[in-house]
Structure formats: C-alpha cells, structure tokens
Amino acid sequence: SLCTSGLYSTWTTYGFTTPCAAVNVPYTENFSTVTIPALPSCMSSVDVNGGNTWITDSTTTCTPTKALVYRYSSTLPGDDWAFTRGVNLTAGVTYELSFDVRGCTENKQEKLEIKYGNANAVAGMTNLIYSNLNINTNSYQPARAGFTPAVSGIYYFGFHVISAANQFYLSID
C-alpha cells in the first residue's frame, strides 16, 4: 500500500478461487471430514435431470456413515454426475478404482456407471470403467474397476447414476 514516501493507497480486497491441484495415487476419499450435505472440497456434481443430485449424508436410514448419496426423485430418472478431483495418472500403468456401493432396499433397482476422462464435466467422461445395472442390496458391497490410461495426464472420475425414477437411494463410500 506504500506508493511513494508518505503516500498510501486504500486497501481493496477481491475474492478469488484457485483451481484444485491434482493429487497423486494412492488417493482416498472417505467423506469423513465433509460438512453435510456439501461434497468434499474439489469434488463437483452436475444435475442433468433437474431433480435431486449427489450430496453427502449420514442421517437417512440407508446411510449409516457419511457417504456420497443420490436421493431419488419419484418422477425423474437418475441422470446426475459426481466428479472427483483431478488425479495424476501415467500412460500404460494399470490402476484400480475401489469403492463400496449400496442401494437402500432389495425391492428397488439402482444403476450406476463410472467413467473417467480429462475434464470434470459430462463431455470429458470418455472412458467407461464400471457399470452395474442391478444394485438392489441394502448393505454395502465392494466394487472394483481396473483401467489403463493411454496417455499420461490429469484425469477425473465421474459417478453417474442412471436409475429409473422412484428407485430410492444410491450410496457410495
């Protein structure tokens, strides 16, 4: 603020955000430090269907701990994305994405696909690595997805709920 000897300017502040830095593997997100219902820092979501979208939660009867949760709509099919922060990956190296997934009731059928790509946007999700069109258990089940990127760079993972309308909750941890 010192312009010249004895002359000071007034302080002006501006808000800004810096992009999240990519992380290296191994990378873990267990949602334990998140403030519900917000997503963890550097994660984002896209509400494609105009209804409910991905949140974090711990209070529903379906989710005993903090988890990433898609709450259903009784009239709209699931078509929403949750994107991870960027992860540095090396071409030709085989990686494994591991997570736990559950529905909420055996009478409802949840559907999930996971893609990865070079942007945390729907258009950036170009590589399908996981698809489960029959998630109908109310207990967490381990899931794994192996993949090998062709090019080194920063990649994002997109969790895409594709359930029919009125299917209840889908939880990922």
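**A guided reading of the pockets, strands and core**

The residues that line the largest pocket comprise 15 nonpolar, four polar and three charged ones. This pocket belongs to a predicted model, and the space within the pocket amounts to about 510 Å³. Its lining is made up of 22 residues. Those nearest the centre of the pocket are Tyr 27, Thr 28, Glu 29, Leu 97 and Ser 98. Three strands each contribute at least two residues to the lining, namely β7 (87-89), β8 (95-102) and β12 (153-161). Of the contributors, β8 gives the most, with five residues.

Strand β8 also leads the reader into the interior. The largest nonpolar core has 30 residues, and those touching the most other members are Trp 54, Leu 97, Phe 99, Val 101, Leu 112, Phe 157 and Phe 159. At least two residues of this core come from each of the strands β5, β7, β8, β9 (110-117), β10 (125-135), β11 (141-147), β12 and β13 (169-172). As a general tendency, nonpolar side chains are buried together in soluble globular proteins. Leu 97 is thus a name to remember twice, because Leu 97 is among the core residues with the most contacts to other members and also lies among the residues nearest the centre of the largest pocket.

Val 101 offers a closer look at one member of the core. Val 101 is placed in strand β8. Its relative accessibility is 4%, so Val 101 counts as buried, the limit for that class being under 20%. Between the C-alpha atoms of Val 101 and Thr 59 there is a separation of 17 Å, and the two residues stand 42 residues apart along the chain.

Trp 54, another of the core residues that touch the most other members, opens strand β4, which covers residues 54-57. In a regular strand, side chains alternate between the two faces of the sheet. Strand β4 can be read with this in mind: Trp 54 and Thr 56 point one way, while Ile 55 and Asp 57 point the other way. All four of these residues are buried. Which way do β4 and its partner strand β5 run with respect to each other, parallel or antiparallel? Strand β4 is joined to β5 (residues 67-71) by four bridges, and the two strands run antiparallel. Within this pairing, Asp 57 of β4 stands opposite Ala 67 in β5.

The next region is the loop between β2 and β3, where several distinct features occur. A search of the whole structure finds one disulfide. The disulfide joins Cys 20 to Cys 42, with an S to S distance of 1.9 Å. The link is left-handed, with -90° about the S-S bond. Cys 20 and Cys 42 are 22 residues apart, and both lie in the loop between β2 (7-8) and β3 (44-47), so that the pair links distant parts of the chain. How exposed is each partner, Cys 20 and Cys 42? Cys 20 has a relative accessible area of 41% and is therefore partly exposed, whereas Cys 42, at 18%, is buried. The second value falls in the buried class because that class takes in everything under 20%.

Cys 42 is notable for its backbone as well: its phi is positive, about 80°, although Cys 42 is not a glycine. Phe 31 likewise has a positive phi, near 65°, and is a residue other than glycine. Phe 31 is also situated in the loop between β2 and β3. With a relative accessibility of 5%, Phe 31 counts as buried.

Cis peptide bonds are found in this loop too. One joins Val 25 and Pro 26, with omega at about 0°, and Pro 26 lies in the loop between β2 and β3. Another leads from Ile 36 to Pro 37, with omega near 5°; Pro 37 belongs to the loop between β2 and β3.

Enclosed space remains to be considered. How many cavities of 30 Å³ or more are counted? The count comes to one, and the volume of the largest cavity is about 30 Å³. Its lining includes Tyr 70, Tyr 72, Glu 110, Asn 166 and Phe 168, among others. By class, the cavity lining has six nonpolar, five polar and one charged residues.

Notes
Residues are numbered from 1 along each chain as its sequence is written. This is a predicted model: local features need pLDDT of at least 70, side-chain atom pairs count only at pLDDT 80 or more; totals for chains, interfaces and linings use all residues. Side-chain values use heavy atoms; hydrogens and water are left out. On a 1 Å grid over the protein atoms alone, a cavity is a set of points where a 1.4 Å probe fits but cannot get out, and a pocket is an open set with protein on both sides within 12 Å along at least five of seven lines; lining residues have an atom within 4 Å of a point. Grid points are joined across faces, edges and corners, and a volume is the space filled by probe spheres set on the points. Ala, Val, Leu, Ile, Met, Phe, Trp, Tyr, Cys and Pro count as nonpolar, Asp, Glu, Lys and Arg as charged, and the others, Gly among them, as polar. Buried means under 20% relative accessible area, exposed over 50%, partly exposed in between (1.4 Å probe, protein chains only). Two strands pair if DSSP finds at least two bridges between them. A disulfide is a pair of cysteine sulfur atoms within 2.5 Å. A nonpolar core is a set of buried Ala, Val, Leu, Ile, Met, Phe, Trp, Tyr and Cys residues joined through side-chain atoms within 4.5 Å.
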